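Biologist: Could you take me through how to read helices, buried residues and empty spaces in a model of this kind?

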Amino acid sequence: MSNRPELTMKAPEPTSTRLVVTLGFAGLLSGLIIVSVYEATLPTITAYKAKVLKEAVFKVLPGVSSMRRLTYRDGRMIAATGEEEEEDLVFGGYAADGQLIGYAVPNAGPGFQDTIRLLYGYLPQERKVVGMEILQSRETPGLGDKIYKDAAFVANFDELSIDPEIITVKKGRKSAPNEVDAITGATISSKAVVQIINRGNQRWVPRFSGSETLPKPTPVGAQ
Amino acid sequence: MSTEDPRLLLQAAPLLKQQLTTRGAMLDVLLALLPATLAGLWFFGLSGLLVLTASILGSIMTEWFFTPEEARRQHLLDGSGFLTGLLLGLTLPPSLPLWMAFIGGAVSIGLGKLIWGGLGQNLFNPALVGRAFLLATFPNAMTTWSPAGGPADFFQLHASNLALPFMHVEYDGVSAATPLGLMKFEYQDTSLSNLLIGNISGCIGETSGLLLLLGGAYMLWRRVIDWRIPASILLSVAALTTVFYLVGPDRYPGPLFSILAGSLLIGAFYMATDPVSSPITPRGAWIFGIGIGLLVVLIRIFGGFPEGVMYAILLMNAATPLIDRYTQPRVFGRGGAGR
Amino acid sequence: MVRKKQEDVYQEFIKGLWRDNPVFVQVLGMCPMLAVTNSAVNALAMGGATFFVLVASSFLVSSLKSWIPKQVRISTYIIIIATFVTVTDFTLEALVPTIHKELGAFIPLIVANCMILGRQEAFASRNSVKLAVIDALGMASGFLFALFALGSVREILGEGALFGVPLFGPHFEPWVIMILPPGGFLTLGLLLLFFNWVKERKDRLAAQLAEGEAS
């Protein structure tokens, strides 16, 4: 404090009440400001998040015109109530006439560097994966990031049979409908993507076929 | 020492039997590397030669550029810059664009040696610093391997070699996985005789096991390297891979394959033994070598890369000061550690 | 007297930009410096956010300095800084969600940037409002400049582009390491090396000049 003589001299020891009041007042003001900014920006932020999700779902399920959050309970797929954990949700995609087309399944798993989160579209009648979108990944730039930057690799998932399970083969050797051409130099990232989809299928596919009645899309276009 | 065969030699200790200079030691290592280098040129032709030249040029020019004028002559003539460039070049794939090899040489000397204060001050092996930089910077080019050829294809240059600086050309179709890559990703074995001779794909100077061993034996005979380091590395790799091999012979490679494939030999004899970045005490040398061996096997079997010698040596380089500190010999006549 | 005052203002501004640059000279704020400078846009966004927080906090702290008891000054500064940071965080998320996603946790972490608290304690709390703002502007510009220098070098080498615009055509070979964390450390180290070299050269030249004048 020796370098601040003007303060030590000027201010006599303030009472604790004053300290508390100052801090409390500062905290109150700060809280007010933060809450108002939060309220002001929340609609934009939520709208953007919903838009991104919707775009992803529409991308992995071609031909879909509306979507709904679904969950699995008591042996069948039902509309989510909003209380479910993130991992218990899938998205149902519906055609314009309200007919269910397929499901968009989010799943995550370990990649080469960090967790990869992705969304893939699945058609239960044809037992096929029809689209894949990486939502989040930290794969090596230039190699592993080809899992979403390399259009040829992403195109692998545009029509992919899931029986008996999806497997990766060396680039250019794809011969069966359930095979994926791996990315040269990024075999691990490619396998990670396939692994994540396979895991998602193990969990969700039995539930899809087990539900006898497909959930009715009421109300159409909601969410 | 200038007199030939003196009848009576009077001098103060230390009584050196031979002159051990930096230059002499470097020359010995260069001589030991000669067979493996020639083999690299035999198998990879002009491409190999150009990559080696580019990386050596990168090293030497950086050394020249960042050395004060009065010290240049001495620093360039001790041959350490040349040796670093050559060692780096030998661990590069033959189809690497030349400008990348040049940058690798520059990084080896600049970030691997000079920035620490010059020869003898660096914590890490300079050539491996350059290689680690290249692998992290250009992962695609650094993991594109071409098959070994023979003298008949000597003048068949890879198009990728001649890429303009900062550019790349589309890699031509002839690529081939290394024996370790084949093993790791396709469970495909490579015959031991090929690994010994070296007509396999890989880095320019790492493929021929036999010639690397020959060079290593020469250096051991000349005593320019500490025999404990290669011995402990090879023994620990052999022991550990034997265990894995016995557990799952169809999944894990055997000990002989593990020693001969990849850059284990060149690493164990020429890089881990770098006197600057390895421990000086005998006990430390054993710890150092065993550490490298363990890390190599762990990275190869459980890691994402098929090869781990480079990272293993760099990691143990980092541990060297600590090892040296804890393995100081006891001072005679005192109990406990002599400090 | 007036002239002296103006020079003071100029000096307070320029010291943050160059002589006492928070990054290249004081080596402060390394965490965002290394973490988010993998592209020029990210660097600018981070620099801009820090700029706003620093200038606004300095202004407020300097204005309120006689009201804040010294026993609780640090907590009060932190409250002020944290408020501005949170406001910035929400605003960025609403306005530029893609950049906000890239910057991730590093926007909230501006609170922990020691450069900002350091300026409050060392300057804003003991100088006039005007000088405090000038000082904050200088320091923030210096920080922005440093972030941008690092971000543009890393993006140019790592992606062959600046602000997402390719500079070298389709055959450029990207230096992957530059957009990875080690590239941040390497580039920062080399930039520090360069700035110290420039400084040393300048000092030596100045010394030589002084010598020449003396003799």
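The dialogue below takes up a long helix, then a buried residue, then a pocket and a cavity.

Modeller: This is a predicted model, in which local features need pLDDT of at least 70 and side-chain atom pairs count only at pLDDT 80 or more, whereas totals for chains, interfaces and linings use all residues. Residues are numbered from 1 along each chain as its sequence is written, chains are lettered from A and ligands numbered from 1 in the order in which they are written, and side-chain values use heavy atoms, with hydrogens and water left out.

Biologist: What span does helix α2 of chain A reach, and where does its kink lie?

Modeller: Helices (H or I, at least four residues) and strands (E, at least two) are DSSP runs numbered from the N terminus, and the expected span of a helix is 1.5 Å times one less than its number of residues. Helix α2 of chain A, residues 16-60, reaches 61 Å from first to last C-alpha, close to the expected 66 Å. A bend is the angle between axes fitted to the seven residues ending at a residue and the seven starting there; in α2(A) a kink of about 40 degrees lies at A:Thr41, shortly before A:Pro43.

Biologist: Is B:Glu63 buried or exposed, and what does it touch?

Modeller: Buried means under 20% relative accessible area, exposed over 50%, and partly exposed in between, with a 1.4 Å probe and protein chains only. B:Glu63, found in helix α1 of chain B, counts as buried because its relative accessibility is 2%. Contact means heavy atoms within 4.5 Å, and, leaving aside residues up to four places away in sequence, B:Glu63 touches residues including B:His75, B:Ile109 and B:Lys113.

Biologist: How are the second largest pocket and the largest cavity lined?

Modeller: Rolling a probe the size of a water molecule over the atoms shows where empty space is left. On a 1 Å grid over the protein atoms alone, a cavity is a set of points where a 1.4 Å probe fits but cannot get out, a pocket is an open set with protein on both sides within 12 Å along at least five of seven lines, and lining residues have an atom within 4 Å of a point. The second largest pocket is lined by 27 residues, divided into 24 nonpolar, 3 polar and no charged, with the largest share, 7 residues, coming from α4(B). The lining of the largest cavity divides into 7 nonpolar, 3 polar and 3 charged residues. Here Ala, Val, Leu, Ile, Met, Phe, Trp, Tyr, Cys and Pro count as nonpolar, Asp, Glu, Lys and Arg as charged, and the others, Gly among them, as polar.
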